[in-house]
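Work through the exercises below with the sequence and the structure at hand. Try each task before reading its solution.

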Amino acid sequence: MTNPWRATVLTLFPEMFPGPLGVSLAGRALASGLWQLEARDIRASATDRHRSVDDTPAGGGPGMVLRADVLAAAIDTAETGPERPRLLMSPRGRPLTQARVIELAQGPGPLIVCGRFEGIDQRVIDTRDLEEVSIGDYVLSGGEIAALALIDACVRLLPGVMGKEASGTEESFSDGLLEYPQYTRPQLFEGVPIPEILTSGDHAKVAAWRRAESEALTAARRADLWAKIPSKVPNRPGRRKTPKSTTDG
Ligand code: SAM
């Protein structure tokens, strides 16, 4: 039997884990052993009597920086094999994408370093070959919430975690597009009906409608994604109105 997917998190706040990953889909999968989570306290690798983990930035400036020696020792004692990706949650990292999430979910599971303060000493990033990963162009106070987001995105893709396999293949980003609008009962909500086509029973028409909606939403909201779609059909009937200023065409 192969080992289950495993996330090893290095943090100054191990009590933040599993946090939201302990409930619902991820929590049930964790409890049943479909994946494993290990939150390791970086402070356990501190060596001085105050158990200090940070110091002032070389060259001056505000805030504190996580010390290279303490963090490197924490990484080294985490005993992760060379085949496990080593990530550092970082606002200056490469933005996390669904494609990278899929890769990470298909591997053995990453080691994830959570920064705090002004960040971590660059020498640890270089010598421990950390891949910097951002979850968006904004600054969190620590890497833990970013790590939780990344792990959640991976765990839901692990075999046996999601109820219906299809829900992983038809959602936003799976084909480079945003997902089409979803509806459910009641049929009439505050005078607004479910689009007729969705209750027609005609699967081909439903699929075409969904594709058109996905394309229209993507063109309207995400010019960056839209630009990468090779076969665009402009002004397909049934499409949502899209603003003029897209990269369409
Ligand atoms: N001084 C850093 C800078 O300007 O890039 C910001 C440090 S931030 C206050 C502390 C830690 O939170 C970072 O080291 C990183 O681990 C985490 N963090 C903050 N924003 C993040 C983001 N958008 N994505 C991933 N991690 C983030």
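**Exercise 1.** Which residues does R40 touch, not counting residues up to four places away in sequence?

Solution. The model used here is predicted. Start by placing the residue: R40 belongs to strand 2, which covers residues 35-41. Next, leave out residues up to four places away in sequence; R40 then touches T8, V9, L10, P14, A74 and A78. Finally, take L12, which is 28 residues from R40 in sequence. In space, the C-alpha atoms of R40 and L12 are 8.1 Å apart.

**Exercise 2.** Decide how R40 should be classed: buried, partly exposed or exposed.

Solution. Count the other C-beta atoms within 10 Å of that of R40; there are 18. A buried residue needs 20 or more, and an exposed one has 12 or fewer. The count for R40 lies in between, so R40 is partly exposed.

**Exercise 3.** Check the length of helix 5 against its expected span.

Solution. Helix 5 runs over residues 144-155 and has twelve residues. The expected span is 1.5 Å times one less than the number of residues, so helix 5 should span 16 Å. Its end C-alpha atoms are 16 Å apart, which agrees.

**Exercise 4.** Describe the largest nonpolar core and the part that helix 5 plays in it.

Solution. The core has 43 residues, of which I112 and A147 touch the most other members. Helix 5 gives the most to this core, with seven residues. Within helix 5, the buried residues are E144, A146, A147, L148, L150, I151, C154 and V155. Now look at I112: leaving out residues up to four places away in sequence, I112 touches A7, V9, L87, M89, A147 and L150. A second, separate core has six residues, including L177, L178, A219 and W226. As background, nonpolar side chains tend to be buried together in soluble globular proteins.

**Exercise 5.** Describe the shell of residues around the ligand.

Solution. The shell has 19 residues, and M89, G115, L140, G143 and A146 come nearest to the ligand. Sort the shell by type: eight residues are nonpolar, eight are polar and three are charged. Then sort by element: strand 5, residues 86-95, gives the most, with four residues.

**Exercise 6.** How many helices and strands does the protein chain have?

Solution. There are eight helices and nine strands. Of the 249 residues in the chain, 27% count as buried. Among contacts between residues at least 6 apart in sequence, 74% join residues at least 24 apart.

Terms used
Residues are numbered from 1 along each chain as its sequence is written. This is a predicted model: local features need pLDDT of at least 70, side-chain atom pairs count only at pLDDT 80 or more; totals for chains, interfaces and linings use all residues. A residue is near a molecule or strand if its C-beta atom, placed from the backbone, lies within 6 Å of it. Helices (H or I, at least four residues) and strands (E, at least two) are DSSP runs, numbered from the N terminus. Ala, Val, Leu, Ile, Met, Phe, Trp, Tyr, Cys and Pro count as nonpolar, Asp, Glu, Lys and Arg as charged, and the others, Gly among them, as polar. A nonpolar core is a set of buried Ala, Val, Leu, Ile, Met, Phe, Trp, Tyr and Cys residues joined through C-beta atoms within 7 Å. Two residues are in contact if their C-beta atoms, placed from the backbone, lie within 7 Å.
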